[in-house]
Amino acid sequence: FYSFIRSILLLPKIIGLSSIKSYLMKKQLKISKNNTGLKKIVFLVTSDEKSGVENMLRLLADSVDVNKFSIKYVVMMNLSVQNVGNNYDYSLGVKKSIFAIFNNFHSVIKLYLYLKKFKPDILVSSVYYADFLSSIIGGVAGVKNIVWGIHNGVPYSDMKNKQKVAFKLVAFLSHLIPRYIISCSYNISNSHIDNGYDCSKLKTIQNGVDVNKFKPNNKFRESFRRDLNISDSTCVLGSCNRFDLNKGHKDLLVVLASLISKGHDRKLVLCGRLVNSENTFLMRQINKYNLNDHVILLGEKQNIHELLNIFDLYVTASYAEAFPLTIIEAMSCGIPVVSYDVGDTQEIIGDTGWVCDDIGNMQNFEVLVNKFLEESVENIIQRKDLTRRRIVKYWSHENVVQSYSSLFDTVVNY
C-alpha cells in the first residue's frame, strides 16, 4: 500500500516535472539541520490559531529538554505570521477536512518532501484529519514512529455524518498505524475506546498550564479594570473562548440577563476569536436582552494571563470539551469556576468551584453562579487560594512536559 502511495507522490518526477521539487524546497520548505544526538520530533497541527490544542503544543515545544529533543511544528492550514514561534517550519494550506486533504496535491507533496528531508524520529498529529494525513504520508516518507493526539471533546453521537465517517476511518487505522495515541482527557479516552479506538495504544496525558505565568496579579487587575472603566467593587464574570455555538455564549448572556432582572448589577467580559461587536449573532442576543451596558466584547487577546485577573468568577457554558485549557488557566490565576459538566471538568474543578451536571440547563447554571455571589469575602479569599493550589499541585506544565518526554523516550527506544 505504501509503495503504491509512494509511486503516486513521485509521479511529478516520473513525468518530468522534477522542477516542482526544487521550487517547493526553495519557496516553502525551511528544513532544520540535524543536530547530532538530538531526537527530532515534528508536530502536525491544524492551524496557527491560538486554540487550546495549538497553545498546549507550543508550550510543549518550548519546554522540552533542548539537549534531548528538537521539536518543529507544521501547520496544516493557512498561516498568520504573527502567531508563530521559533519552532514553526511551514504551512501546508489544506482545508480542515480529511476529504479535502488530497484535493490539494501540492500540499501533500510538500509534506512528503519535508518529512523525507527532515527525517523525524517521531511524527505527532493532533486531530482526526491530521492523524489521517500523518499516517498515510508519514508512513510513505519512512517515519517509523507515528503518534496521534486526541483533543476533540465532541461526542460521536453529536458529530455530522462526514465527521462520523472520518472518525470511523481513523478508528480503524488506530489498530494498524500509530505507535501510541495520546489523549488529553480520561473522559475522551473512554469514549474513543467505546467507539472503536485501539485501547492498547491509548495513553492519557492531561493538559497543563505555566503556573508562573498564569498567577494572581493585582497590578494586571487594576490596569485592565481601569482601561475598561470597571470599578474595583464591580463583580465581573468572564469567559475566554472562541466563538462557536457549542461554546455556549448564548447561555451566558441568558444567565446574565436573569441576574440583572433580579437586581444584580454585574459585568460579563467575553474574549476570544470572533467574540467582538462585528459578531451579528452575539450582538442580536445582547440587544435582545438589553445587555449593552453589561457586556464587554474584547475579541481575540494575546495577553490572556493578564486579562484573567480582572475576573471575579470564570464562567464557561461550553457543551463539549475534552480538557478545557482555559479553565485551568483561570484557576491558576486564582479565579473560581462555574461550568457545565463536560470532559474532565468535574475532576479539574473539584470542590473549588461549581459544576452544572445538566448541560444546557441555564436555570441550574444561574443557581451555581448565585452561590458564588452570595459567599462572604472571607470565603471567597479562601476559595481563590484553594483554586490556585489545586492547579499548581496537579496540572502545572512541568508535569505535562515530563510525561510527554518520558513517552517520547519510550517511543524512540522502542
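The following legends describe close-up views of a predicted model of one protein chain.

**Figure 1. Overview of the predicted chain.** The chain contains 18 helices and 13 strands. Of its 414 residues, 54% count as buried. Among contacts with a separation of 6 or more, 70% join residues that are 24 or more positions apart in the chain. The views below turn to particular helices, residues and spaces.

**Figure 2. The largest cavity and its lining.** A search of the whole structure finds 3 cavities of 30 Å³ or more. The largest cavity has a volume of about 40 Å³. Its lining is made up of Leu-237, Leu-252, Val-255, Leu-256, Leu-268, Val-315, Phe-365 and Val-369. By class, this lining has 8 nonpolar residues, with no polar and no charged ones. Two helices, α11 (residues 249–261) and α16 (residues 362–373), each supply at least two of the lining residues. The largest share, 3 residues, comes from α11.

**Figure 3. The second largest pocket.** The second largest pocket holds about 560 Å³ of space. It is lined by 25 residues, and those that lie nearest its centre are Arg-221, Asp-312, Ile-380, Ile-381 and Lys-384. The lining of this pocket divides into 9 nonpolar, 7 polar and 9 charged residues. Helices α10 (residues 218–227), α16 and α17 (residues 377–394) each supply at least two residues of the lining. Helix α17 gives the most, with 7 residues.

**Figure 4. Helix α17 and its two faces.** Helix α17 has 18 residues, which at 1.5 Å a residue should span 26 Å; its end C-alpha atoms are 26 Å apart, in agreement with that expectation. Which residues of this helix are buried? They are Ile-380, Arg-383, Thr-387, Arg-388 and Ile-391. Because these residues cover an arc of only 130 degrees around the axis, they lie on the same side of α17. The face turned away from the buried side carries the exposed residues Glu-378, Ile-381, Arg-389 and Lys-393. The buried residues of α17 are covered by elements that include α14 (residues 325–332), α15, β13 (residues 354–356) and α16. Two residues of α17 also belong to the view in Figure 3: Ile-380 and Ile-381 are among the residues nearest the centre of the second largest pocket. Of these, Ile-380 is buried, whereas Ile-381 is exposed.

**Figure 5. Helix α8 and its buried face.** Helix α8 runs from residue 161 to residue 173. At 1.5 Å a residue, its 13 residues should span 18 Å, and the end C-alpha atoms are 19 Å apart, which agrees. The buried residues in α8 are Ala-166, Phe-167, Val-170, Ala-171 and Leu-173. Seen down the helix axis, they fall within an arc of 160 degrees, so they line one face of α8. Asn-161 and Phe-172 are exposed, and they are carried on the face turned away from the buried side.

**Figure 6. Thr-345 in helix α15.** Thr-345 is found in helix α15, which covers residues 345–349. Is Thr-345 buried or exposed? With a relative accessible area of 0%, Thr-345 is buried, because a residue under 20% relative accessible area counts as buried. Leaving out residues up to four places away in sequence, Thr-345 touches Pro-324, Ile-327, Ser-339, Tyr-340 and Val-355. Helix α15 also appears in the setting of Figure 4, as one of the elements that cover the buried residues of α17.

**Figure 7. Leu-307 in helix α13.** Leu-307 has its place in helix α13, residues 304–307. The relative accessibility of Leu-307 is 0%, and therefore Leu-307 counts as buried. Apart from neighbours within four places in sequence, Leu-307 is in contact with Phe-224, Cys-240, Cys-271, Leu-298 and Lys-301. Along the chain, Leu-307 and Phe-224 are 83 residues apart, yet their C-alpha atoms are separated by 6.8 Å.

**Figure 8. Phe-243 in a loop.** Phe-243 is found in the loop between strand β8 (residues 235–240) and helix α11. Which residues are in contact with Phe-243, leaving aside its neighbours within four places in sequence? The contacts are His-249, Arg-273, Leu-274, Val-275, Asn-279, Phe-281 and Leu-282. One of these, Val-275, is 32 residues from Phe-243 along the chain, while the two C-alpha atoms are separated by 5.7 Å.

Methods. Residues numbered from 1 in each chain as written. Predicted model: local features only at pLDDT ≥ 70, side-chain atom pairs only at ≥ 80, totals over all residues. Heavy atoms only, no water. 1 Å grid on protein atoms, 1.4 Å probe; cavity = no way out; pocket = protein on both sides within 12 Å on 5 of 7 lines; lining within 4 Å. Points joined across faces, edges and corners; volume = space filled by probe spheres on them. Nonpolar A, V, L, I, M, F, W, Y, C, P; charged D, E, K, R; others polar. Expected span 1.5 Å × (residues − 1). Buried < 20%, exposed > 50% of the residue type's maximum accessible area, 1.4 Å probe, protein only. Arc of directions from axis to C-beta. Contact = heavy atoms within 4.5 Å.
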